Amino acid sequence: MKQFRKPHLAVLVAAAMALAGCADDGKDGAPGEPGTPGEPGPGTPPPTVEMTEMTNVKVLNFAVEEGQVVYEIEVTDQDGTLVVGLDAAEGKFASWTERGYVLSRSGEGTLGGYGNLSTEGAVLEMGEPGQYTFTLPMANVTPGEEGLLWLRVGASDGPIMRSKPMVVNKPENTHSSTTAACNACHVDYATSSLKHPSYSAIDMEGEGDLVGGCLICHNSVSRADENGGYATNTLSKIAHVNHPENGFERDFSVLNCATCHETTPINTSIAGPGCVDCHNPSAAVGPISPNADPNFDIRAIHGQKIALAEIDTLRTTHKTTLSAPYWDAAVAWESGGTGAICTDLKLFKVEGETETQLDIGALYADHTLVYASAYIHAYDSETDSLIGRPSPFNAQQYVARDDGTRSICYPSLAAADGSYGTQYSVANLVASSRLTFAQTGWVDDDGKDGVSFTNYSDVVSTDYFDGMAAPSFTKESGFERRLAVTNDSCVSCHNSETNYHKNGGYQNGGVDCLACHNNGQNRASKFSGPGFGPMVHSMHWGEGNTKLSEDGTPNSASKLNAENCVTCHADGIDLYAIPNRYMLSRAYNQGGDSKVMSSPVTANCYACHTSDSAMNHMTQNGGEINVVADPMWFTTPTAESCATCHAEGKSFGIEKFHVFER
């Protein structure tokens, strides 16, 4: 066929149009008869392509017939252009049975089927451009049979690239785990480095169906079972057995079933699918035995073993309050002298609208409580940041009040380091408390097994640091925390309802942790990272990921995709909202001087991005790690300009490198 350049082609088209309007003699042709239009032409054919960078599939129709499955599909590329020349397709069908989903590989009683264009009798035919009929023989399927139907087209080596797996059909109410539950930790399995990420499936609307995509191979019955399924590991075994044994480093309980099961599982026979994973691993899988009682919830039975109901009852029927720091001249010290800075911790039993104060001292004496104490913090009201703890460690004295209140008092407030005394004199003060109920009596376990309540008091200003004999304390505001995570960020994965250590748990976005891990506490945190944010980043994906283990092996978080930040930062990150003030950073100065500080955005990024090139980029844009600390570091502006390019919406916005949406 002769090829024309575009300008010449335009002239030829114009000439053709002129010729079409003239008779042979050069005169105009006769007009047509009114009401008798000519037959319409074939129209312009739609554009098509024979190569794709991404392949999309739309299922127009499907049918499960006698001995075969038929798919009618439309295939387009990344721009929505119809694809011609498709020569690769594969399909699977897992039958829905009384034992759950089964796709057998071989044996008597084979169920379901699978294959591709190499399967004898398989046919892929194109009708209209981009529209295909894929007929896949499956000897064991019957007309109208219920099951999980799966499809994928294209090839991994092109030219028509392989599409995402698609769950074409799935019977309703056949499993109680959800893609959202899996993605709470895994976020986007398709981009992970775990097993088979390319098998992460979508549904007919293009939404993720991770569970359906896994079930097509990891059926309800193991391949090892007689007439079993496609894979040796069932999906329930992966969750029930492999997760706790080979996955989580700490503070995950497989008995907290609600983490994965948003509704109660339908099977209540311990010989049935799922239950047999733990209760009778050597038994053959029996039929599903759904309980007829709509109020029966198998999740609660498992939750009893880790006291989920009792923990929830404690949290919903108790509360603590904490007073702002004040001066009590009557507190006498065993070492001599009187007067102290105190805060009052109260515990209440809540029943409806009624609140009854309980006696903390009595509950502590009978081991109902294992911890009840408080700290005094320096607080920078301009940035809503804790900037240190002037209350000397282990210098507190407990005073029991007649109404059951426990006052935690300090004879004096001092800087953690003598050279930094002035930082507290210009800051405000706030108190924090933790009170912990014992779950199994008195257990010396660093408060890990208890149920903790954390409180932060109102913020006060004071003339205490002016050397007043009877200092005054004036309320300034309520305590505010700049919350960049969500309240359920930590418990999405750490579901055991236990505490991490020192009576600090995972509730409310790790607010417990701030009492020790804040911008000015300058803790080493096993040199993983300073403050709260950098420490969490490092412990999960940075250097702290291996430093926390004795043998240097990575912890479980390394199996998750660090680029996906949405589990913790579901509302995104506003880099402009991060106060432009330094943080103390001894954790980034292993074995060296503690009098160092770092700029905050750089400190968070450096927790994971520790290469020389990354550090050079940060420092070239004003970021600093471990520079000599200014005694008034928390009031000193930094020179880092990270938000200029990396704030959300900017040309190199953080959302272009990290995922903040599911």
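## Salt bridges

The structure holds twelve salt bridges. The model is a predicted one. Side chains of opposite charge can pair when their charged atoms come close. Three of these pairs are described here.

R315 pairs with E497 in a salt bridge, and their closest N and O atoms are 2.4 Å apart. This pair links distant parts of the chain. R315 belongs to helix α7, which covers residues 308–317. E497 sits in the loop between β23 (473–477) and β24 (499–501). The two residues are 182 residues apart. R315 is partly exposed, because its relative accessibility is 23%.

D251 and R250 form another salt bridge, with 2.9 Å between the closest N and O atoms. Are these two residues buried or partly exposed? D251 counts as buried, because its relative accessibility is 13%, under the 20% cut-off. R250 has a relative accessible area of 24%, so R250 is partly exposed.

K448 forms a salt bridge with D446. Here the closest N and O atoms are 3.9 Å apart. K448 counts as partly exposed at 29% relative accessibility. D446 also counts as partly exposed, at 30%.

## Helix α7 and its neighbours

Helix α7 holds R315, one end of the link to E497. Which residues of α7 are buried? They are L308, I311, L314 and T317.

These buried residues pack against several elements. One is a helix, α6 (298–303). The others are β12 (318–322), β14 (338–351), β20 (428–437) and β21 (451–456).

## The nonpolar cores

The largest nonpolar core has 38 residues. Which of them touch the most other members? They are L435 and F437. Strand β16 (residues 369–380) gives the most to this core, with six residues.

F437 has contacts well beyond its neighbours within four places in sequence. Leaving those neighbours aside, F437 is in contact with L314, H318, L347, T368 and L369. G450, V451 and F453 complete the list. L314 is one of the buried residues of α7.

Another core lies apart from the largest one and has 26 residues. Among them are V59, V69, A122 and M166.

## Strands β3, β8 and β9

Strand β9 (residues 131–137) pairs with strand β3 (residues 68–76). The two run in the antiparallel sense, over seven bridges. V69 stands opposite L136 in β9. V69 is also among the members of the 26-residue core.

Strand β8 (residues 123–126) is joined to β9 as well. How many bridges join them? There are four, and the strands run antiparallel. In one of these, E125 has T133 in β9 as its bridge partner.

β8 and β9 form a hairpin with four residues between the strands. G130 in this hairpin takes a positive phi near 80°.

## The second largest pocket

Rolling a probe the size of a water molecule over the atoms shows where empty space is left. The second largest pocket holds about 500 Å³ of space. Its lining is made up of 21 residues. Which of them are closest to its centre? They are N183, V187, D188, G208 and R662.

Helix α2 (residues 179–186) gives the most to this lining, with three residues.

Key
Residues are numbered from 1 along each chain as its sequence is written. This is a predicted model: local features need pLDDT of at least 70, side-chain atom pairs count only at pLDDT 80 or more; totals for chains, interfaces and linings use all residues. Side-chain values use heavy atoms; hydrogens and water are left out. Two strands pair if DSSP finds at least two bridges between them. A nonpolar core is a set of buried Ala, Val, Leu, Ile, Met, Phe, Trp, Tyr and Cys residues joined through side-chain atoms within 4.5 Å. Buried means under 20% relative accessible area, exposed over 50%, partly exposed in between (1.4 Å probe, protein chains only). Contact means heavy atoms within 4.5 Å. A salt bridge is a side-chain nitrogen of Lys or Arg within 4 Å of a carboxyl oxygen of Asp or Glu. On a 1 Å grid over the protein atoms alone, a cavity is a set of points where a 1.4 Å probe fits but cannot get out, and a pocket is an open set with protein on both sides within 12 Å along at least five of seven lines; lining residues have an atom within 4 Å of a point. Grid points are joined across faces, edges and corners, and a volume is the space filled by probe spheres set on the points.
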